[in-house]
Amino acid sequence: MSDFARQVESLRPQLIRFARSQLRNEAWAEDAVSDTLLAALEKPQAFAGQSQLKTWLVGILKHKVVDQLRKHSREATVLVDDDGEDIDELLFAADGHWREPPAIWASPEASLGQREFFDVLQACIDHLPAVQGRVFMMREWLDLETDEICKELQITTTNLGVLLHRARLRLRECLDLRWFGSALTT
């Protein structure tokens with residue numbers, strides 16, 4: 001096995017986790033990851049080294065996940081109810097203002113360039129309620145349109161908006177605590 005093949009294979013668990021979170025179907029996730037690894041191993045010269053190998057593979061996987069979603073769009077998807085917690089009430093006062101103002105995030109552009117930021121972001125996404133995490137990833141990472149997401153999940157556009165709003169608020173809170181808040185104390 002070549003060094004490239006070993007590196008690709010070592011990323012399989014992370015790719016599987018991403019695919020599972022999006023597809024909610026073990027077989028579909030395995031298919032998407034297998035197709036991704038096959039594509040990478042058939043054309044290793046396509047990896048130009050301008051990004052990290054993981055980034056390149058996730059880029060391929062995003063397309064394979066979308067392919068799986070479209071392929072299986074006729075099958076019903078059962079969503080687990082949201083956790084029911086109203087995060088708006090926790091973060092906002094009745095007049096719509098923040099209960100506690102957000103901490104200053106310093107320079108987001110500089111933070112984005114740091115690998116640790118993405119590790120924290122992934123941990124925050126992993127801790128979202130399942131449905132919120134899924135719609136956030138479908139919208140922001142897979143770049144799916146509203147109608148595609150609603151059709152796949154069999155939800156209304158209003159429900160999608162609420163789920164995305166809650167996911168973004170939770171991510172903001174998590175990043176504020178785990179990343180930006182800690183950056184202010186150092």
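Helix α1 meets α3 through a small set of named residues: Phe 4, Ala 5, Val 8 and Glu 9 on the α1 side, and Leu 37, Ala 40 and Leu 41 on the α3 side. By class, that contact holds 6 nonpolar residues, no polar ones and 1 charged one. The model is a predicted one. In it, the axes of α1 and α3 come within 10 Å and cross at roughly 160 degrees. Angles over 145 degrees count as roughly antiparallel, so α1 and α3 are roughly antiparallel to each other. Their crossing is right-handed.

Now turn to α2 and α3. Their axes come within 8 Å and cross at roughly 135 degrees. That angle makes α2 oblique to α3. The crossing of α2 past α3 is right-handed. From α2, the contact draws on Arg 12, Leu 15, Ile 16, Ala 19, Arg 20 and Leu 23. From α3, it draws on Glu 26, Trp 28, Ala 29, Glu 30, Ala 32, Val 33, Ser 34 and Leu 37. Sorted by class, the α2 and α3 contact has 9 nonpolar, 1 polar and 4 charged residues. Leu 37 of α3 appears in the contact with α1 and also in the contact with α2.

Next comes the core. In soluble globular proteins, nonpolar side chains tend to be buried together. Here the largest nonpolar core has 49 residues. Those with the most contacts inside it are Leu 23, Leu 57, Leu 61, Val 65, Leu 142 and Leu 175. The elements that give it two or more residues include α1 (3-10), α2 (12-23) and α3 (26-42). Also among them are α4 (53-71), α7 (115-126), α8 (130-141), α9 (146-153) and α10 (157-185). Leu 23 belongs to the α2 side of the contact with α3, and is one of the core residues with the most contacts.

Take Leu 142 as a way in. Leaving aside neighbours within four places in sequence, Leu 142 is in contact with Phe 18, Gln 22, Lys 62, Val 65, Val 66, Leu 69 and Met 137.

Met 137 is the next stop. Met 137 lies in helix α8. Is Met 137 buried or exposed? Met 137 counts as buried, because its relative accessibility is 2%, and buried means under 20%. Not counting residues up to four places away in sequence, Met 137 touches Phe 18, Gln 22, Ile 125 and Leu 142. Phe 18 and Gln 22 are thus contacts of Met 137 and of Leu 142. Finally, Met 137 and Ala 167 are 30 residues apart in sequence, and their C-alpha atoms are 9.9 Å apart in space.

How values were computed. Residues numbered from 1 in each chain as written. Predicted model: local features only at pLDDT ≥ 70, side-chain atom pairs only at ≥ 80, totals over all residues. Heavy atoms only, no water. Core = buried A, V, L, I, M, F, W, Y, C linked by side-chain atoms within 4.5 Å. Buried < 20%, exposed > 50% of the residue type's maximum accessible area, 1.4 Å probe, protein only. Helix = DSSP H or I, 4+ residues; strand = E, 2+ residues; numbered from the N terminus. Contact = heavy atoms within 4.5 Å. Axes fitted to C-alpha atoms, helices over the stretch in contact; angles between N-to-C directions. Parallel < 35°, antiparallel > 145°, perpendicular 65-115°, else oblique. Left-handed = near helix turned anticlockwise from the far one by under 90°. Nonpolar A, V, L, I, M, F, W, Y, C, P; charged D, E, K, R; others polar.
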